[in-house]
Amino acid sequence: MTYVLGIDSSTQSCKALLVDAVTGEIVDSGRASHPDGTQVDPQAWLTAMEEATAGLIDRADAVAVGGQQHGMAPLDANGEVVRPAMLWNDTSSASEAEELIDELGGEQACADTVGSVLVASLTGTKLRWLRNHEPENARKTSSVLLPHDYLTWHLGGRKEKTTDHGDASGTGYYSTRNRKSLPNLAEQYIGHAIELPRVAEPNEVVGKTNGGALIAPGTGDNMAAALGLNLRPGDVCVSIGTSGVVSAVSKESVHDPSGLVTGFADATGNYLPLACTLNGAKVLDFAAMLLGVDHEGLSQLALSGKPGAGGVTMLPYFDGERTPNRPDATGHFAGLTTRTTREDIARAVVEGILCSLQDAISAVEAATGNKAQRVLLIGGGARSEAMRRIAPEIFGVDVIVPEPAEYVALGAARQAAWALNGGGSLPEWGLAKEQTFSGKPTPETVDKYQRLRDLTVNY
């Protein structure tokens with residue numbers, strides 16, 4: 001048997017899947033936790049990867065890493081870590097993002113140059129933060145790697161530093177239009193020339209492990225998930241976790257000056273424009289607490305309610321929002337009367353979250369010029385029966401819910417299998433079991449939501 005190993009080094013943990021390279025069947029797995037925080041010593045990633053892959057990596061013929069995007073791991077001239085890595089969720093560089101947008105000529109020029117309007121999560125803004133706040137550490141920095149780059153480099157014996165187009169496209173010093181890194185921008189951000197990893201092609205072999213397994217380039221977690229889901233043009237993936245992520249495959253690079261859509265590349269040679277919301281399944285947690293039920297009880301209440309929730313509408317901007325860009329917003333309920341029921345409240349919560357995600361879908365559709373043909377619903381929020389059944393009514397298309405799986409690790413394994421077959425076609429493993437949900441569209445519910453959204457623009 002031929003096996004490949006896919007590694008998902010996420011914010012919270014490291015997961016590893018040993019997969020049959022021909023069929024895509026998962027044959028074994030491992031997991032280890034990462035420390036909390038927005039700044040982490042990269043050694044913690046190595047420790048977790050060693051624990052998660054113990055007993056697996058020696059059985060693999062090829063390996064690839066899917067990692068959390070945007071994290072900055074600065075290295076000195078000897079390849080030693082200069083300071084703890086700043087992760088995607090470290091927002092210290094918010095003012096630096098604004099500073100760099102101005103330097104690049106404004107939002108449109110910024111999007112044209114690097115594919116996205118810079119925000120604090122992107123790596124380049126953290127380089128500028130390092131220059132502004134820790135100049136001595138900035139001077140020591142000789143090269144910079146993303147989390148997945150760092151792990152790939154370690155697996156290959158710390159020889160050549162490499163990255164891939166997908167993860168590189170989230171740095172702020174990569175041109176999505178020209179598909180190449182921009183070392184001049186990295187130099188501008190940090191104040192001196194630094195080494196950037198070579199951008200490998202999607203199915204390239206970039207090294208070998210000590211045990212002789214081939215190493216594929218790896219990629220960012222969103223790109224790996226798209227590979228694991230076999231996402232294709234016309235598909236839109238909606239992931240409902242703590243936040244919400246909407247992504248779609250595009251043949252052309254996307255340059256959205258509004259900043260709502262980040263114009264990433266994917267891990268196959270196409271592009272993966274992506275829009276995020278800040279409020280996802282955690283709003284379900286809040287509603288369950290408010291109504292005194294568990295998540296199944298909340299789902300049953302919502303499904304007992306009628307479309308439109310008896311006139312009740314909820315804006316789920318509880319912790320600020322990114323789509324639309326309202327960092328200081330709060331949650332809103334409107335249309336409450338003495339006739340409002342618990343079922344109405346539960347239904348309004350589910351509809352509100354889905355309408356918020358519909359805003360993100362619309363932003364991606366506008367940026368790509370392509371309408372969603374079908375929606376794949378994944379993440380913890382997709383376990384809610386109410387979310388599954390009401391989603392087609394809000395999105396207006398069929399919704400496919402794949403069987404829960406570690407799709408980032410599975411996508412990394414698929415990339416490893418691609419590299420293993422010598423650069424031939426991408427393995428067609430297909431999706432696991434899936435359910436399709438249909439429903440009568442309720443545009444009046446979406447319209448009601450949008451009117452409240454537009455009325456509360458300053459809140």
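The exercises below, each with a worked solution, concern a predicted model.

**Exercise 1.** Determine whether Ala248 is buried or exposed, and state which residues it touches.

*Solution.* Begin with the location, which is strand β17, spanning residues 244–248. Next, take the relative accessibility of Ala248, which is 7%. Because buried means under 20% relative accessible area, Ala248 counts as buried at that value. Then list the contacts, leaving aside residues up to four places away in sequence: Ala248 touches Leu231, Asp235, Val236, Tyr271, Leu272, Pro273 and Val364. Finally, consider the pair Ala248 and Asp266, whose C-alpha atoms are 9.6 Å apart in space, with their positions 18 residues apart in sequence counted as separation.

**Exercise 2.** Establish how many residues of helix α9 are buried, and what covers them.

*Solution.* Helix α9 runs over residues 221–228, and seven of its eight residues are buried. By name, these are Asp221, Met223, Ala224, Ala225, Ala226, Leu227 and Gly228. The elements covering the buried residues of α9 include the strands β5, β15, β18 and β19, together with the helices α7 and α14. Continuing just past α9, one comes to Asn230, which takes a positive phi of about 55°.

**Exercise 3.** Describe the second largest pocket by its volume, and find which helix supplies the largest share of its lining.

*Solution.* Start with the volume, about 230 Å³ for the second largest pocket. Its lining divides into three nonpolar, five polar and two charged residues, including Met49, Glu50, His154 and Asn210. Helices α1 (42–53) and α6 (147–155) each supply at least two lining residues, and the largest share, three residues, comes from α1.

Notes:
Residues are numbered from 1 along each chain as its sequence is written. This is a predicted model: local features need pLDDT of at least 70, side-chain atom pairs count only at pLDDT 80 or more; totals for chains, interfaces and linings use all residues. Side-chain values use heavy atoms; hydrogens and water are left out. Buried means under 20% relative accessible area, exposed over 50%, partly exposed in between (1.4 Å probe, protein chains only). Helices (H or I, at least four residues) and strands (E, at least two) are DSSP runs, numbered from the N terminus. Contact means heavy atoms within 4.5 Å. On a 1 Å grid over the protein atoms alone, a cavity is a set of points where a 1.4 Å probe fits but cannot get out, and a pocket is an open set with protein on both sides within 12 Å along at least five of seven lines; lining residues have an atom within 4 Å of a point. Grid points are joined across faces, edges and corners, and a volume is the space filled by probe spheres set on the points. Ala, Val, Leu, Ile, Met, Phe, Trp, Tyr, Cys and Pro count as nonpolar, Asp, Glu, Lys and Arg as charged, and the others, Gly among them, as polar.
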